[in-house]
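Grab a pencil and work through a few short exercises on the model below. Try each task yourself before you read its solution.

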Amino acid sequence: MKNGLIIINCIILTIGTCGGPLLTRLYYTNGGKRIWFMSFLSTAGFPIIIIPLFSSFLSRRNRNRNRNRNGNNSENAEKTNLFLMETPLFIASIVIGLLTGLDNYLYAYGLAYLPVSTASLIIGTQLAFNALFAFFMVKQKFTPFSINAVVLLTVGTAVLALHSNGDKPANETHRDYVIGFLMTVIAAVLYAFILPLVELTYKKARQEITFPLVLEIQMVMCIAATCFCIVGMIIDGDFKVIAREARDFKIGGSAFYYTLIVITGIVWQGFFLGAIGVVFCASALASGVLISVLLPVTEVLAIVCFREKFQADKGVSLFLSIWGFVSYFYGEYKSGKKVVDKHQPLETELLSLQVSDSVA
């Protein structure tokens, strides 16, 4: 069950990590200019989570009905709560959600003035900060393989940075480029802090963390982040110009514009849901590693979709990222195998004792 959840969340995270930046940049390159609106779309797809949450509620209710029937005791009948989340966890989710909303704005601002490839290489630096925060906040244990992965992925990002100066779009000023660069750096550091904070919240929660509860946490976080961005949209006057922006969109007109908006919201929701799901199934570091290894893939897709430059450095970075990814998960496999091998002699010994007792 857990392995299945890991695979599903990794697939969802892959789609979100690669697709989200490309769709956002497609919006900007074809006449879109509303940064708060793009920040809003990063988490506005949260209603999708209602579908699995409602399915989980129906499943719990059916199980409780069967238990109550078998118990034949109507007075002690177990009730099915619509929500599993308790108040402390609810408050923590709101706080993390507000931080996520701020992070969405910083990243959307950066993508408005940077190529996808440059934004991706900056976001790649989050892994080093992620490892640092995870070490101090959740006592993340490092193995030679995980250290090797962090080093390789960080070096891969540094290699990409060698040619970042030549990636400035022709229609952007140097000032806008620098501000976008700094905003993206802050976004990378902030998200590197958010992932371990989510893991710490899981560990400090006074209730059992199940995957349906993780979905509830994600929904509350996204609602808080979306509300944060709506306030920004109101202040910036986004609601007054969206209809005009849709009419003036360079490709496909209004129909394509609104289709792009809906798909962007769904894909970004996949990113956040996948990231928090990997934290639940594995760790914050695992989520950070997966995001980092997918950034060069996003670079390749940006080169294909937006005809961005591809230097040899990007090929080297892609190779180092894949190497780091394999190193990390091979280390996890070895660690899991050692645990299994350690318990097998004890299980064999207990089995032999049971057999000898039965013979006696």
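**Exercise 1.** In this predicted model, is Phe-228 buried, partly exposed or exposed? Then find its place in an aromatic pair with Trp-36.

*Solution.* Start with the number: Phe-228 has a relative accessible area of 29%. Buried means under 20% and exposed means over 50%, so Phe-228 is partly exposed. Next, check the partner: Trp-36 has 17% relative accessibility, so Trp-36 counts as buried.

Now the geometry. A pair of aromatic rings is described by how far apart the centres are and by the angle of the planes. For Trp-36 and Phe-228 you get 5.9 Å centre to centre and 55° between the planes, which is a tilted pair. Finally, look along the chain: Trp-36 sits in helix α2 (residues 35–41) and Phe-228 in helix α9 (residues 211–236), 192 residues apart, and the pair links these distant parts.

**Exercise 2.** Which helices does the aromatic pair of Phe-211 and Phe-280 link?

*Solution.* First describe the pair: it is tilted, with 5.9 Å centre to centre and 45° between the planes. Then place the residues: Phe-211 belongs to helix α9 and Phe-280 to helix α11 (residues 253–281), 69 residues apart. Phe-280 is partly exposed, at 22% relative accessible area. Altogether, the structure holds 24 aromatic pairs.

**Exercise 3.** Why does the salt bridge of Asp-236 and Arg-34 tie together distant parts of the sequence?

*Solution.* Step one: the two side chains meet at 3.5 Å, N to O. Step two: Asp-236 lies in helix α9, while Arg-34 is in the loop between α1 (2–29) and α2, so the bridge ties together parts 202 residues apart in sequence. Step three, accessibility: Asp-236 is partly exposed at 43%, whereas Arg-34 counts as buried at 17%.

**Exercise 4.** How far apart in helix α8 are Lys-203 and Glu-199, and which of the two is buried?

*Solution.* These residues form a salt bridge, with the closest N and O atoms 3.9 Å apart. Both are in helix α8 (residues 174–204), and because they are 4 residues apart, about one helical turn separates them. Lys-203 counts as exposed at 53%, but Glu-199 is buried at 8%. One more thing to spot: Arg-34, Asp-236 and Asp-238 are joined into one network by salt bridges that share partners.

**Exercise 5.** Which helix gives the most residues to the nonpolar surface patch?

*Solution.* List the members: Phe-145, Ile-322, Val-326 and Tyr-330 make a patch of about 350 Å². Helix α13 (residues 312–359) gives the most, with 3 residues. Tyr-330 is in that helix and is partly exposed, at 40%.

Methods:
Residues numbered from 1 in each chain as written. Predicted model: local features only at pLDDT ≥ 70, side-chain atom pairs only at ≥ 80, totals over all residues. Heavy atoms only, no water. Patch = residues over 30% accessible without salt bridge, like charges linked within 9 Å, V, L, I, M, F, W, Y side chains within 5 Å. Areas by Shrake-Rupley, 256 points an atom, 1.4 Å probe, with all protein chains shown as cover. Salt bridge = Lys/Arg side-chain N within 4 Å of Asp/Glu carboxyl O. Helix = DSSP H or I, 4+ residues; strand = E, 2+ residues; numbered from the N terminus. Buried < 20%, exposed > 50% of the residue type's maximum accessible area, 1.4 Å probe, protein only. Phe/Tyr/Trp six-rings, centres within 6.5 Å; stacked < 30°, edge-to-face > 60°.
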